[in-house]
Number of protein chains: 2
Amino acid sequence: MSAEAPAGTEPRTPLSRDRVLRAAVDIADKGGIASLTMRRLGETVGAEAMSLYYHVANKEALLDGVADVMIAEIVDAVADIPAPPDAAAWKGVMRSRILTAREVLLRHPWAPGVLQSRTAASPAVLSYIDTTLGIMVAGGFTYDQAHHAMHALGSRAFGFAQELFNPAGDPGEEPHPEVLAGIASQFPHLAAMIVDAVHNTPENTLGWCDDQTEFEFGLDLLLNGLDGMRPS
Amino acid sequence: MSAEAPAGTEPRTPLSRDRVLRAAVDIADKGGIASLTMRRLGETVGAEAMSLYYHVANKEALLDGVADVMIAEIVDAVADIPAPPDAAAWKGVMRSRILTAREVLLRHPWAPGVLQSRTAASPAVLSYIDTTLGIMVAGGFTYDQAHHAMHALGSRAFGFAQELFNPAGDPGEEPHPEVLAGIASQFPHLAAMIVDAVHNTPENTLGWCDDQTEFEFGLDLLLNGLDGMRPS
DNA sequence: ACCTGAACACCGTTCAAGT
DNA sequence: ACCTGAACACCGTTCAAGT
């Protein structure tokens with residue numbers, strides 16, 4: 001029996017920064033980032049919107065916190081991956097860390113946008129970068145090279161690469177023939193590429209533009225190029 | 001002498017989609033993308049906010065239009081670059097097209113964010129992609145390879161790569177010694193990298209993390225890797 | 001055809017006030 | 001220490017109405 005709760009009122013869990021952030025992630029997961037408003041967040045957490053300001057300075061700070069929750073989830077997912085046993089193994093470890101990070105973000109499609117909008121790096125981010133650098137240095141790179149590498153990888157180091165425009169419809173869907181015809185008349189290279197790309201997809205299982213494949217292609221291009229720069 | 005203008009009233013230029021879009025770009029250039037609101041846009045264009053809806057379906061459509069203006073500016077800037085004289089020249093042409101696109105976007109720092117938020121590709125984008133593909137095919141690539149290449153380049157093909165977190169302060173500024181000390185205790189690799197990177201900057205003219213250098217490093221890594229894949 | 005005024009349903013945020 | 005109510009200054013968007 002809870003001591004103070006008035007009759008008929010759920011003795012509600014007290015608010016906390018942590019609970020607020022987790023609720024925010026939930027809302028974004030369910031309705032997209034645009035549905036995450038201070039008012040709605042207050043509602044789902046069982047309080048007035050204004051109460052949130054006691055746990056979080058403002059909406060910017062809320063998003064900083066949400067970004068950090070995502071990084072924490074990545075760090076957690078990546079924790080199982082063992083350190084490289086020798087210098088040459090750096091590439092494989094880096095690769096699986098990045099693909100694991102990607103799996104996390106695929107569960108939170110709105111997260112890349114939030115991460116990209118943050119400008120300050122939290123301790124969680126610094127820590128993730130630090131161990132990533134450690135892997136490269138263990139692989140034989142200089143710190144200067146590792147620095148360049150981090151910039152070259154960019155958001156890929158965190159498991160995502162923002163896809164730009166997606167001509168010719170949704171990924172996984174075959175382009176509509178008449179759309180293709182319209183494109184072909186004006187943009188011959190584009191049309192030829194679309195035809196070629198569709199047919200080259202293995203088994204055609206995922207149709208045109210399987211992002212996972214493209215992500216790995218770009219990632220391997222970078223990792224292989226970097227690997228060739230190792231001093232020894 | 002203007003026929004209908006009431007005394008004392010500037011005979012104002014009539015609104016048009018084009019004038020609206022140009023004004024929108026102006027506002028974003030001056031005050032950032034957050035300052036671009038329908039109400040402010042109406043004001044600077046000398047009309048009520050509601051009048052804008054006659055020329056543009058809604059704010060999403062406004063941003064689509066703004067993105068297109070940026071692409072048009074890129075296409076324009078890139079128009080002078082001659083086609084590659086032989087297959088091997090594909091790389092140099094691609095490189096200077098991309099760096100030229102980058103120059104355009106450096107004048108509109110808010111534009112990458114807008115481009116990244118668009119999902120539909122306009123004819124202007126399709127056209128830009130088409131001639132980019134043309135250069136690759138002229139370089140000897142198959143359409144399938146060119147397709148992968150476009151994905152691997154990603155936003156770099158349009159001249160930008162979203163920088164993520166920027167640990168240790170603004171680019172161009174030397175990291176503060178005591179901040180560095182704080183980092184060093186927890187994140188040894190990061191600290192070592194920062195020290196190394198600062199000293200490796202040529203002449204130290206641009207300090208730590210010159211983005212142009214990093215952009216070109218990543219770009220060349222990709223272009224060189226791709227170049228090695230050319231069939232012949 | 002083009003533009004406007006009034007109104008609606010939202011935002012994030014403040015501040016003084018409650019327990 | 002933690003939460004709230006009322007209020008403020010904004011948003012984007014609608015709709016009927018003006019010229």
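User: In which helix of chain A is A:Gln116 found?

Analyst: A:Gln116 is found in helix H5 of chain A, residues 111-117. Helices here are DSSP runs of H or I with at least four residues, numbered from the N terminus. This is a predicted model: local features need pLDDT of at least 70, side-chain atom pairs count only at pLDDT 80 or more, and totals for chains, interfaces and linings use all residues. Residues are numbered from 1 along each chain as its sequence is written, chains are lettered from A and ligands numbered from 1 in the order in which they are written, and side-chain values use heavy atoms, with hydrogens and water left out.

User: Why is A:Gln116 called buried?

Analyst: Buried means under 20% relative accessible area, with exposed over 50% and partly exposed in between (1.4 Å probe, protein chains only). A:Gln116 has a relative accessible area of 9%, so it counts as buried.

User: What is A:Gln116 in contact with, leaving aside its neighbours within four places in sequence?

Analyst: Contact means heavy atoms within 4.5 Å. With those neighbours left aside, A:Gln116 touches A:Phe160 and A:Gln162, plus B:Gln116, B:Gln162 and B:Leu164.

User: What makes the span of helix H9 of chain A close to the expected one?

Analyst: The expected span is 1.5 Å times one less than the number of residues. H9(A), residues 188-200, has 13 residues. The expected span is 18 Å, and the helix reaches 18 Å from its first C-alpha to its last.

User: Which residues of H9(A) are buried, and why are they said to be on the same side?

Analyst: They are A:Leu190, A:Ala191, A:Met193, A:Ile194, A:Ala197 and A:Val198. They cover an arc of only 160° around the axis, so they are on the same side of H9(A). The arc is that of the directions from the helix axis to the C-beta atoms. These buried residues pack against helix H8 (177-186) of chain A, and against helix H6 (123-138) and helix H7 (143-153) of chain B.

User: How do you know that the span of helix H10 of chain B agrees with its 17 residues?

Analyst: H10(B) covers residues 211-227. At 1.5 Å a residue it should span 24 Å, and its end C-alpha atoms are 24 Å apart, so the two agree. Its buried residues include B:Phe215, B:Phe217, B:Leu221 and B:Leu222. B:Glu214 is also one of them. The buried residues of H10(B) pack against H7 (143-153) and H10 (211-227) of chain A, together with H4 (90-106) and H7 of chain B.

User: Which residues come nearest to DNA strand C?

Analyst: Near means that a heavy atom of the residue lies within 4 Å of the strand. There are 17 residues around strand C, and A:Arg39, A:Lys59, B:Ser51, B:Tyr54 and B:His55 come nearest. Sugar and phosphate account for 61% of the strand C atoms that come within 4 Å of the protein. Helix H2 (residues 38-44) of chain A gives the most to this surface, with three residues.

User: What makes A:Lys59 a polar contact of DNA strand C?

Analyst: A polar contact is a pair of N or O atoms within 3.5 Å; within protein, one must be able to donate a hydrogen and the other to accept it, and residues adjacent in sequence count only if both atoms are side-chain atoms. A polar backbone atom of A:Lys59 is 2.8 Å from a phosphate oxygen of strand C, so the pair falls within the cut-off. For B:Glu48, a polar backbone atom is 2.9 Å from a phosphate oxygen of strand C.

User: Which residues make polar contacts with phosphate oxygens of DNA strand D?

Analyst: Among them is A:Tyr54, with a side-chain N or O atom at 3.1 Å. A polar side-chain atom of B:Tyr53 lies 3.0 Å from a phosphate oxygen of strand D. For B:Lys59, a polar backbone atom is 2.9 Å from one.

How values were computed. Helices (H or I, at least four residues) and strands (E, at least two) are DSSP runs, numbered from the N terminus.
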